[in-house]
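Work through the exercises below with the structure in view. Try each task before reading its solution.

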Amino acid sequence: MSSFDRIIVCETPFDVAAEYAALQRGACADGACAMFVGSVRDFNAGNGVTQLALEHYPGMTEKSLAGIIADARARWGLGRVHVIHRVGAMQVNEEIVFVGVTSPHRQAAFAACQYIMDRLKTEAPFWKRETVHAEDGASEERWVDARASDTAELEKWA
Amino acid sequence: MVKVLFFARLRQQLGTGEVRLENFSGSIAALRDALCDQNPAWRAHLCDDNIRTALNQELVATDCAVAGGDEVAFFPPVTGG
């Protein structure tokens, strides 16, 4: 793992402004910074979502993310790479995931940010469980199903 | 001793997150069959084609060999991000 990598799996909310500052401050050789932030949506598969819980596989999660970042570094010249992922209970509109990449030029930063997210979505051992409004007005919990479209996204990196 | 972990929907379906197997050697597929022989109700869930397998925290195919001290995990397709 490069000393310019940061991987955080946390139960508490994170502050995107602070994370941008941590990523960009002092990265003087890098003129480009690309970030992706994923948040909890208020709907899924036709139902209103009121809460989300994320389970993960401690140990494998960090190992998986480190491997994905190492592969991104092998493809592009990158400066800093920070990946943050929430686990546990979270509310609608809260941030779930942050991927931030710096590079001397924008093309590498954009591409690496997307590559890391595409791999994370299909490989990193996280599982979402959502609380939704059922049709009869009651609340119910259900595991979120994986999407074939996420796997299809990986083909562009083959 | 082999440590076997289950996650997410599969953990709930099996009613446990972890089991330990003494004196096992063979492939992950054989380990899965041994577990299903001990717990016939697990077969429908554990042998589902969608279930992913990890050996020592890396994704692998089910023909991988397992030895004492290894950690094996079974889980549904991931849904993070």
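**Exercise 1.** State the accessible surface of chain A and the share of carbon and sulfur atoms in this predicted model.

*Solution.* Start with the total: chain A has an accessible surface of about 7700 Å². Then take the share: 52% of this surface belongs to carbon and sulfur atoms. Now turn to burial: 46% of the 158 residues in chain A are buried.

**Exercise 2.** Decide whether the radius of gyration of chain A agrees with that of a compact globule.

*Solution.* Count the residues: there are 158. A compact globule with this count would have a radius of gyration near 15 Å. Chain A has 17 Å, so the value agrees. For the outline, use the C-alpha atoms: they fill a box of roughly 55 × 35 × 30 Å along the principal axes.

**Exercise 3.** Trace the secondary structure of chain A along the sequence.

*Solution.* Count the elements: 4 helices and 9 strands. Then put them in order: β-α-β-β-β-α-β-β-β-α-β-β-α. Next, take contacts between residues at least 6 apart in sequence: 75% of them join residues at least 24 apart.

**Exercise 4.** Place A:Asp42 and classify its exposure.

*Solution.* Locate A:Asp42: the loop between strand 2 (32-39) and strand 3 (43-44) of chain A holds this residue. Read its relative accessibility: 47%. Buried means under 20% and exposed over 50%, so A:Asp42 is partly exposed. List its contacts, leaving out residues up to four places away in sequence: A:Asn47, A:Gly48, A:Val49 and A:Val92.

Key:
Residues numbered from 1 in each chain as written. Chains lettered and ligands numbered in written order. Predicted model: local features only at pLDDT ≥ 70, side-chain atom pairs only at ≥ 80, totals over all residues. Heavy atoms only, no water. Helix = DSSP H or I, 4+ residues; strand = E, 2+ residues; numbered from the N terminus. Rg over C-alpha atoms; globule rule 2.2 N^0.38 Å. Buried < 20%, exposed > 50% of the residue type's maximum accessible area, 1.4 Å probe, protein only. Contact = heavy atoms within 4.5 Å. Areas by Shrake-Rupley, 256 points an atom, 1.4 Å probe, with all protein chains shown as cover.
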